[in-house]
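Trainee: Could you take me on a close look at one part of this model, and then show me how the rest is arranged around it? I would like to begin with a single residue and work outwards.

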Amino acid sequence: MTISLLRQYLHPYRSALWAVAALLLVQALGTLYLPYLNAQIINDGVVTGDIGVIWRTGALMLAISLVVGVVSVAATYLAARNAMGFGRDVRASLFRQVDSFSLSEMNEFGAPSLITRNTNDVQQVQMLVLMGQTMMISAPMMLIGGVFMALHQNVRLSGLLLVVIPVMAVVVGTILFRAVPLSRVMQSKLDALNDILRENLTGIRVIRAFVRTGYEQDRFERANEDITDVSLRLTRLFALMMPSLMLVFNLSAVAVVWFGGGLIGEGEMPIGDLTAFLSYIMQILFSVMMAVMLFLMVPRAAASAERIQSVLSTEPSIQDPSSPVPAPGSGSVEFRDVEFRYPGAEEPVLCGIDLRLEPGRTTAVVGSTGSGKSTLINLIPRLFDVTAGQVLVNGVDVREQAQEELWAGIGFIPQKAFLFSGTVADNVRLGRRDATDEEVWAALTTAQAADFVREFSDGLEHEVDQGGANLSGGQRQRLSIARALIRDTPIYIFDDSFSALDYATDARLRTALGRDPATRRANVIIVAQRISTILHADQIVVLDHGRVVGLGTHEQLLAGCETYREIVSSQIDESDLSGAS
Ligand SMILES: Nc1ncnc2c1ncn2[C@@H]1O[C@H](COP(=O)(O)OP(=O)(O)OP(=O)(O)O)[C@@H](O)[C@H]1O
Ligand SMILES: [Mg+2]
């Protein structure tokens with residue numbers, strides 16, 4: 001999983017990756033050569049008093065240091081550019097992939113998880129790419145090179161390596177081994193805290209109204225304590241890290257000096273070699289530390305890579321056909337023996353639906369909540385695919401049409417009006433980008449939104465918050481109606497779009513829709529709860545538990561459909577009661 005993700009997304013950067021490797025090789029060679037030269041200065045210059053050797057070797061060391069400096073800056077810069085580019089590409093792919101998802105895949109992953117996958121998980125893998133480039137290449141080079149040079153300096157003293165390398169690996173490993181799971185726990189605790197916070201912020205009114213503030217505070221406090229506890233344990237571990245490392249480094253140095261001093265005393269080793277050996281052992285220990293760190297970073301990044309891959313490898317269940325059939329027309333819709341079952345559900349939500357909806361006519365869909373009204377109309381723009389039967393738009397199965405062309409012919413007003421951050425005009429123009437101000441106003445007027453928009457001091461330029469949070473439910477609904485009306489499409493679908501409007505606005509809106517030439521010739525489908533909203537529809541579809549139990553005009557259904565009569569009488573009773581009180 002990790003490998004294939006890395007291979008695919010690092011492919012465009014392969015020449016830059018080779019460049020980093022080459023630069024790091026130069027850096028490693030330089031770094032390994034410097035202690036050797038230093039030993040020479042001491043052995044051949046300082047000890048013998050030869051100033052010439054000191055100057056010449058010193059100048060060479062200076063030049064090498066300069067090269068190493070430049071090369072490491074360049075390597076780090078390139079490595080960072082590769083890693084950031086990699087992250088950008090993966091995020092873009094994820095975003096595009098999620099964009100192509102149908103509602104089923106969206107439901108399967110869930111929005112919060114898709115967000116963390118595109119942010120946190122990408123960051124984990126990006127981190128691995130960044131550290132990996134430098135550490136994965138330079139740690140082994142420094143380790144092998146260091147051991148080689150140490151052996152070259154003094155074989156007997158190199159026996160020390162057999163002790164200090166394992167000690168270093170064990171010390172770093174033990175600390176990180178305990179820290180890594182803790183930091184994972186930390187992450188999940190943070191998620192829990194975020195959840196509580198988010199729920200509190202969005203549900204603040206409900207929490208207050210139901211006097212749950214105390215309970216919520218307790219809940220937050222517990223999560224907060226949890227986090228503090230874990231992060232304290234984590235910090236204590238890391239506080240241990242530095243001193244332990246220094247201890248290993250310094251004890252190793254003491255051992256080198258102790259045994260090296262003995263060798264020098266016996267005349268077995270020139271004094272300069274001791275300093276070189278000291279440098280090599282430090283370099284070796286440092287690379288062991290890096291290798292262990294990297295080793296422990298891999299599983300975490302691998303988990304993230306897996307979460308990313310599972311999004312990238314999910315085939316959208318709804319895709320354009322390989323050779324789309326063009327379906328121009330005036331907007332007829334037909335359901336042929338349609339059955340629909342949500343993924344994973346046992347019972348079908350819709351069953352045996354046969355309907356013809358014609359342009360120039362208004363079809364209303366009524367039924368109790370959960371009877372399948374939204375599901376039925378979501379099949380028309382192919383938000384879901386039928387599990388049996390066919391949905392045809394302009395006489396062609398929607399699965400054979402190009403999705404964008406299908407959507408372009410449908411003005412859809414969803415049950416939950418969603419607006420985007422931007423101005424009122426931006427939101428309406430989402431329907432048609434090149435609409436003039438006059439056209440925007442005309443759509444707003446038909447949607448009965450012109451009055452309240454005019455009341456804003458900045459009119460069309462009034463800022464709408466994300467999701468339309470600064471507007472009332474009814475205002476949001478009317479703006480989303482205007483957004484659909486401005487498209488002037490052959491099919492209009494209103495999913496319960498009138499429920500947040502008061503009776504008078506509802507009536508005015510319907511009158512305006514009836515006068516608007518665009519909606520008059522269109523195929524208008526209205527899902528509604530209120531009988532008054534649909535009284536004058538050309539045909540009314542009565543849904544009950546996903547089946548059509550009545551089809552006809554208001555009068556016909558009153559005469560012949562029991563379910564319809566029940567809906568009507570329940571609403572008349574209601575208004576009687578409210579009139580009496
Ligand atoms: N995404 C989903 N996954 C699984 N089941 C779903 C999903 N959406 C709806 N359902 C189920 O399908 C049934 C019909 O839902 P639908 O939204 O079509 O009802 P509705 O008639 O529009 O109701 P309302 O009048 O409340 O809007 C319900 O029983 C519901 O539980
Ligand atoms: Mg609904």
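Mentor: Let us begin with the yardstick: a residue is buried if 20 or more other C-beta atoms lie within 10 Å of its own, exposed if 12 or fewer, and partly exposed in between. Please keep in mind that this is a predicted model.

Our residue is Ala518, found in helix α17, which covers residues 517–521. Ala518 has 18 C-beta neighbours inside 10 Å, so it counts as partly exposed. Setting aside the neighbours within four places in sequence, Ala518 is in contact with Leu485 and Asp488. Ala518 and Gly331 are 187 residues apart in sequence, but their C-alpha atoms are 12 Å apart in space.

Now for the domains. The domain assignment gives domain 1 as 330–409 + 490–553 and domain 2 as 416–488. Taken over C-alpha atoms, the centres of domain 1 and domain 2 are separated by 23 Å. Their contact draws 11 residues from domain 1 and 10 residues from domain 2. On the domain 1 side, helix α16 (residues 503–515) gives the most, with five residues. By class, that side of domain 1 has seven nonpolar, two polar and two charged residues.

Next comes the sheet. Four strands form an open sheet in the order β2-β1-β4-β5, with antiparallel pairing. Its edge strands are β2 and β5 (396–397), each of which pairs on one side only. Strand β1 (residues 333–340) is joined to β2 (residues 350–357) by five bridges, and five bridges also join β1 to β4 (residues 388–393). You can follow this through Glu334, which stands opposite Arg356 in β2 and opposite Leu392 in β4. For Val333, the bridge partner in β4 is Val393.

Two loop residues deserve a look for their backbone angles. Asn394, in the loop between β4 and β5, has a phi near 55°, a positive value in a residue other than glycine. Asn394 is buried, because 22 other C-beta atoms lie within 10 Å. His545 lies in the loop between β11 (539–544) and β12 (547–552), and also has a positive phi, about 50°, although it is not a glycine. With 16 C-beta neighbours inside 10 Å, His545 counts as partly exposed.

Let us turn to the ligand. Ligand 1 is surrounded by 14 residues, and the closest are Tyr342, Thr369, Lys373, Ser374 and Thr375. Helix α10 (residues 373–378) gives the most to this shell, with three residues. Sorted by class, the shell has three nonpolar, nine polar and two charged residues.

Last, follow the chain back to helix α2, which spans residues 14–46. At 1.5 Å a residue, its 33 residues should span 48 Å, and the end C-alpha atoms are 47 Å apart, which agrees. Among the buried residues of α2 are Val20, Leu23, Leu24, Gln27, Ala28 and Thr31. Pro35, Ala39, Gln40, Ile41 and Ile42 are also buried residues of α2. The buried residues of α2 pack against α3 (51–100), α5 (111–153) and α9 (271–312).

Notes
Residues numbered from 1 in each chain as written. Chains lettered and ligands numbered in written order. Predicted model: local features only at pLDDT ≥ 70, side-chain atom pairs only at ≥ 80, totals over all residues. Near = placed C-beta within 6 Å. Nonpolar A, V, L, I, M, F, W, Y, C, P; charged D, E, K, R; others polar. Expected span 1.5 Å × (residues − 1). Contact = placed C-beta atoms within 7 Å. Pairing = 2+ DSSP bridges. Domains from an automatic or database assignment.
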